[in-house]
Amino acid sequence: MSAPALVLEQVSHHFGGLRAVDGVSLTIGAGERHALIGPNGAGKTTLFNLISGEIAATSGRVVLFGTDATRLAPHRRAALGIARTFQITRLFPGLTVMENLLLACEALDRRRLVMHRPVAAYPDLHRRAAELIERFALTAIAREPARHLSYGDQRKLDVALSLAGRPRLLLLDEPMAGLSAGESRAMHALLDALDPAIAVLLIEHDMDVAFAFARRITVLHQGRVLTEGSRDEVSANRSVQQIYLGMGAEP
Ligand SMILES: Nc1ncnc2c1ncn2[C@@H]1O[C@H](COP(=O)(O)OP(=O)(O)OP(=O)(O)O)[C@@H](O)[C@H]1O
Ligand SMILES: [Mg+2]
């Protein structure tokens with residue numbers, strides 16, 4: 001049996017007196033699809049930052065693929081096989097779609113040569129970027145600067161970029177946010193078609209979308225795990241109904 005992709009043991013992060021993440025334990029098996037839901041300010045993005053290493057845990061342990069990563073910098077965690085998207089897309093606006101992907105493939109390719117050569121000189125990087133462009137239906141806009149893309153296409157490119165380093169654990173922070181119904185369906189199909197070997201932790205506001213994607217769901221509220229379980233268990237939970245549905249989410 002391979003080690004779980006992620007184990008969090010009693011992880012906390014305090015911003016001054018605010019316990020943004022407060023004693024969270026969570027295990028995500030290899031290839032598992034897991035959703036993280038919860039109202040605004042519940043601590044979801046902070047938890048992602050703790051997993052990817054953007055911020056350090058105040059206490060607790062972060063274990064990635066069986067390796068204690070609690071004190072590792074973000075690039076060391078990326079090298080273990082973790083990738084993420086950001087709630088606010090981070091693209092190079094002046095570079096084309098293809099150039100953004102080539103850069104990501106080059107930066108994240110763990111077999112990268114030490115010697116410097118122009119990015120275009122690596123045929124395997126080109127192959128990898130071209131494959132992602134095709135898979136994410138970005139062919140028609142491959143030569144467009146990223147700043148010319150629609151918001152929906154920027155989100156798609158953001159997810160494509162996160163796959164450049166062939167991660168085994170992917171953290172997606174509200175990839176559907178701000179998308180039209182059609183774009184959202186397209187994104188959904190792309191996520192469903194991801195390699196089943198990749199474990200995915202998806203932050204999602206909309207409970208229906210989370211339920212459609214993941215077999216197991218964790219509900220975060222005020223930095224703590226309110227409950228975790230299957231879609232039936234979570235939707236039957238009275239606290240979830242009161243706290244989450246009561247806060248204006250779609251019924
Ligand atoms: N850098 C920071 N400094 C101080 N407080 C912060 C910081 N980042 C987040 N917080 C606070 O921590 C809490 C959790 O924020 P977080 O962004 O993790 O919530 P979230 O669940 O991702 O919310 P949303 O659904 O709105 O994205 C909030 O009260 C937020 O104001
Ligand atoms: Mg957030």
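Which residues touch the most other members of the largest nonpolar core? They are L101, A160 and L202, in a core of 64 residues. Keep in mind that this is a predicted model.

The core takes in at least three residues from each of two domains. Domain 1 is discontinuous in numbering: 1-81, 169-187 and 200-251. Domain 2 runs over 88-166.

Take L101. Beyond its neighbours within four places in sequence, L101 is in contact with A129, L132, I133, A160, L161 and A164. Two of those names, A160 and L161, come back in a moment, on helix 5.

First, the overall numbers. The protein chain has nine helices and ten strands. It has 251 residues, and 38% of them count as buried. Now consider contacts between residues at least 6 apart in sequence. Of these, 66% join residues at least 24 apart.

Now helix 5, residues 151-162. At 1.5 Å a residue, its twelve residues should span 16 Å. The end C-alpha atoms are 17 Å apart, which agrees. Is the helix enclosed or open? Nine of the twelve residues are buried, so helix 5 is largely enclosed by the rest of the structure. The buried set is D153, R155, K156, L157, D158, V159, A160, L161 and S162. Note that D153, R155, K156 and D158 are on that list.

Next, ligand 1. What surrounds it? The shell is F15, L18, A20, G38, N40, G41, A42, G43, K44, T45 and T46. By class, that makes four nonpolar, six polar and one charged residues. Strand 2, residues 18-28, and helix 1, residues 44-52, each supply at least two of them. Helix 1 gives the largest share, three residues.

Stay on helix 1 and look at L50. L50 is buried, because 24 other C-beta atoms lie within 10 Å and the cut-off is 20 or more. Apart from neighbours within four places in sequence, L50 is in contact with V11, H13, V21, I55, A57 and V62. H13 is 37 residues away from L50 in sequence. In space, the two C-alpha atoms are 7.9 Å apart.

Now the backbone. Most residues other than glycine have a negative phi. Where are the positive ones worth a look? Two to check are F65 and R166.

F65 has a phi near 50°. It sits in the loop between strand 4, residues 59-64, and strand 5, residues 67-68. F65 has 18 other C-beta atoms within 10 Å, so it is partly exposed. Leaving out residues up to four places away in sequence, F65 touches A3, A5, L80, G81 and R168. A3 is 62 residues from F65 along the chain, yet their C-alpha atoms are separated by 5.4 Å.

R166 also has a positive phi, about 50°, and is not a glycine. R166 is in the loop between helix 5 and strand 7, residues 169-173. With 15 C-beta neighbours inside 10 Å, R166 counts as partly exposed. By the domain bounds, 166 is where domain 2 ends.

To recap. The largest nonpolar core draws on both domain 1 and domain 2. Helix 5 is largely enclosed. Helix 1 gives three residues to the shell around ligand 1, and it also holds the buried L50. F65 and R166 are both in loops.

Note on methods: Residues are numbered from 1 along each chain as its sequence is written. Chains are lettered from A and ligands numbered from 1 in the order in which they are written. This is a predicted model: local features need pLDDT of at least 70, side-chain atom pairs count only at pLDDT 80 or more; totals for chains, interfaces and linings use all residues. A nonpolar core is a set of buried Ala, Val, Leu, Ile, Met, Phe, Trp, Tyr and Cys residues joined through C-beta atoms within 7 Å. Domain bounds come from an automatic or database domain assignment. Two residues are in contact if their C-beta atoms, placed from the backbone, lie within 7 Å. A residue is near a molecule or strand if its C-beta atom, placed from the backbone, lies within 6 Å of it. Helices (H or I, at least four residues) and strands (E, at least two) are DSSP runs, numbered from the N terminus. Ala, Val, Leu, Ile, Met, Phe, Trp, Tyr, Cys and Pro count as nonpolar, Asp, Glu, Lys and Arg as charged, and the others, Gly among them, as polar. The expected span of a helix is 1.5 Å times one less than its number of residues.
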